[in-house]
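Open the model in your viewer and keep the sequence panel visible. The tour below says what to select at each stop and what is there.

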Amino acid sequence: MITSHNRAVSTLFRAFGGMEETNAADVEEITDQPAMHRGETLVFAVLVPLTVLVGLGDYLVIWLGRIPGVLLAVPLSFLMLNLLPFLLAGKRPCLQWQLWFSLSVLWAVFHSDCLGIVGFFSYIWIAIAVMTFAGSLLLVWQRMMCVSGNSGNLIRILLVAGLHVIAIFIGFKLGWGWAMMSGMVIAGGLCWAVLSPYCQWLGPVYLTTDHPRILITIDDGPDPHDTPLLLDLLDRYQTKAIFFMIGEKVRAYPDLGREVLRRGHEIGNHTQTHPQASFWCASPWRIRREIEDCQKTIMEITGIRPRWFRAPVGHRNLFTHPIATTLGLRVMAWNRRGFDAIEKNPQNVLARILPHLRAGDIVLLHEATPIAEEVLIGVLENTVAINRGDR
Ligand SMILES: [Zn+2]
């Protein structure tokens, strides 16, 4: 992740877009930053000059008349674009961006009641300012969600309590209908964050990888019937996978755990007992016990400390992330799955996974199911082709 500091619009793209793409060399030269977001460049490279031209032209046309006003506005805008930031912000690009953003928003506030093109540009800048503010709030939220341990838990409780206080405040100000509605939005948002394996609101979850390959992950093992078969299949297709293992099963079949590592695969933490029906509402103490016990079991039996954690069914609550982070684990979900743990027909599973499969995907598969072998063969045949670049 590239960090660019305090430039207004990049907040938006960082909050909504995640990774920033590097930009063309000419822009890097202008900004003197290692990278800028393409959208940010567009806004500042096009919108700022146009706004300056419209803002200056607006006054000059009133003073001098239409033709001389417009004619003078062009060189004056050019001068202003080059001189003003240099005089006020020196050569520091970061400050220059802030300066242009602040000046444009200030200008927009004073011209928001204008008609025509001036009003149009001022509304654009007010919209950018509002979105930037929302983006900043989102970034603060994301940062809060990265705090680990007890302080992370406390921050989350305070934030959720704070949201409820806002809902009550809305109730006092606008009536209880609005309060009910905001309460329902908060409850709906929390349900989504807890139950969706893909939601990033409660902390960072890896759904894809940066690698130009497909990552196969196999959950709920080890299993005395499936694990040896799946290992042979992976060897045959020369593919490595992450096995998210359940602590109790590792203890029951320690040789399988060690064999998975010996064949060059990785083991991830999938809790000690896999409480899939209740993990979403587990207390911080229980979550810690589940993850820590699994971590200890795997370390004791295989000698390695897992780096990745996957929650049962992908359900994470307010406390899962701070606890996993404290134990040195990053949370991994997936972006492709075929519901192989409940589906009886392997073709149906493959039909859900294969059509959109591409490099960088994380595929969720299960062992200890009647169709584990057929599903893995189907996925491996496609994975090898994609990893080779044939598809
Ligand atoms: Zn599982």
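Start by selecting the zinc ion: its protein donors are D220 (OD), H270 (NE2) and H274 (NE2), at 2.0 to 2.1 Å from the ion. Donors here are N, O and S atoms within 2.8 Å of the metal (3.2 Å for Na, K and Ca), and sites may look incomplete because water is not among the atoms. This is a predicted model, in which local features need pLDDT of at least 70 and side-chain atom pairs count only at pLDDT 80 or more, while totals for chains, interfaces and linings use all residues. Residues are numbered from 1 along each chain as its sequence is written, and side-chain values use heavy atoms, with hydrogens and water left out.

In the sequence panel, the zinc donors follow the spacing D-x49-H-x3-H. Select H270 next: its relative accessibility is 1%, so H270 counts as buried (under 20% relative accessible area; exposed is over 50%, partly exposed in between, with a 1.4 Å probe and protein chains only). H274 is buried too, at 13%.

Now select G152, which lies in helix α7 (residues 149-174). Helices are DSSP runs of H or I with at least four residues, strands are runs of E with at least two, and both are numbered from the N terminus. G152 has 0% relative accessibility and therefore counts as buried. Leaving out residues up to four places away in sequence, G152 touches V147 and P322; contact means heavy atoms within 4.5 Å.

Last, select L318 along with G152: the C-alpha atoms are 9.3 Å apart in space, and the residues are 166 apart in sequence.
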